[in-house]
Amino acid sequence: MSRSVRTRPEGSGQALSEAYDTALLDLDGVVYAGGDAIEHAVPSLAAARDGGMRLAYVTNNALRTPDAVAAHLTELGVPAEAGDVITSAQAVARLIADQVPQGSRVLVVGGEGLRVALRERGLVPVESADDDPVAVVQGYGGPELPWGRFAEASYAVARGVPWFASNTDLTIPSGRGIAPGNGAAVEVVRIATGAEPQVAGKPLPPMHRETILRTGAERPLVVGDRLDTDIEGAFNGGVDSLLVLTGVTDGAGLLAAPPHHRPTYVDADLRGLLTGQPEVVEAGGGFRCGGWTAAAVAGRLELDGDGTPVDGLRALCAAAWTAAGDEACALDAGKALARLGL
């Protein structure tokens, strides 16, 4: 199915919490960072929920169980139950279970979230390549994961045992900055073996399938901070998305986004769920949003006007994406972004 190329963020006359029935929220960089709630997240989610929007938490982080994630959210002031949480561990466990007999042994390189998800599918987690596993699964195991776990995975994969990964995010946001993610750990085993894993997490279809099966969402809105997982996953699933600027993606990365990384909406943080979204309109050879006008001129992006930084960024997106078409924008945006403090 062909899709039109998005050339600007969309507007919405309704609050997004009213226009969509379910928010499929990423966690790291959206709701919390390093375990602490991101500013405005808790009251924004409470207001969206009180207005009738269902909240589901969809994370590529396979370390913790849904029970543990729900308990953490509740502790932060975001009431949640295990059934509200969908993890890449659950998606990869289903992917494995579709290919091996029930009761099969699976070598786990990761945390308790993976083990619980495998048991839920009738599979048996094991620790060693010498335990005769029929599959190897790798997920984020936290900074304390022993180096020897990668060796166990490599021994089994090198023997031809099928290899699965919960996700391949190279980085993960933390309270101290950006840290290596599961994708970096997957690279260790790839280098040692030359093999390629089957991957379940965002942005790939197994994660979207798991999310829809577990939530039953009819008009979902994906909410995330990463272009290469959250927004691309929404694109692949054919659903709308909201990018918030509280995690990995910065202004320069957003302006350079190729079509499959361009979100439907852009906002500063989760307060964007509670409002309509302003229209970005053509104006004088450029694009206007709020008090800002942006245009592509002689190899660079120019910005004039005043107003909220996110309106300026929306206008810049329209100028950049229109100029780039179905490619990534390579125009110089440094001065324009500096005006916005981004």
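Here are a few friendly notes on how some helices and strands are arranged in this predicted model.

1. A good place to start is the helix pair H4 and H5. Helix H4 covers residues 88-97 and helix H5 covers residues 112-120; they pack with their axes 8 Å apart, at an angle of about 40°. Angles from 35 to 65 degrees fall outside the roughly parallel and roughly perpendicular ranges, and H4 and H5 are therefore oblique to each other. The crossing in which H4 passes H5 is right-handed.

2. Which residues make up this contact of H4 with H5? From H4 come Ala89, Gln90, Val92, Ala93 and Ile96, and they meet Gly113, Leu114, Ala117, Leu118 and Glu120 of H5. Sorted by class, this contact has seven nonpolar residues, two polar ones and one charged one.

3. Now for the sheet. Five strands form an open sheet with parallel pairing, in the order S7-S6-S8-S9-S12. Strand S7 (124-126) and strand S12 (198-199) are the edge strands, each pairing on one side only.

4. Within that sheet, strand S8 (residues 135-138) and strand S9 (residues 163-165) run parallel and are joined by three bridges. Val136 has Trp163 of S9 standing opposite.

5. Where do the helices lie relative to these strands? H4 lies across S9 at about 155°, and also across strand S6 (105-109), S8 and S12. Helix H7 (residues 182-193) lies across S8 and S9, and runs at about 160° to S9.

6. One element worth tracing on screen is H4, as H4 packs with H5 and also lies across strands of the sheet, including S8 and S9.

Conventions. Residues are numbered from 1 along each chain as its sequence is written. This is a predicted model: local features need pLDDT of at least 70, side-chain atom pairs count only at pLDDT 80 or more; totals for chains, interfaces and linings use all residues. Side-chain values use heavy atoms; hydrogens and water are left out. Axes are lines fitted to C-alpha atoms, for helices over the stretch in contact, and angles run from 0 to 180 degrees between N-to-C directions. Helices (H or I, at least four residues) and strands (E, at least two) are DSSP runs, numbered from the N terminus. Angles under 35 degrees count as roughly parallel, over 145 as roughly antiparallel, 65 to 115 as roughly perpendicular and the rest as oblique. A crossing is left-handed if the near helix is turned anticlockwise from the far one by less than a right angle, and right-handed if clockwise. Contact means heavy atoms within 4.5 Å. Ala, Val, Leu, Ile, Met, Phe, Trp, Tyr, Cys and Pro count as nonpolar, Asp, Glu, Lys and Arg as charged, and the others, Gly among them, as polar. Two strands pair if DSSP finds at least two bridges between them.
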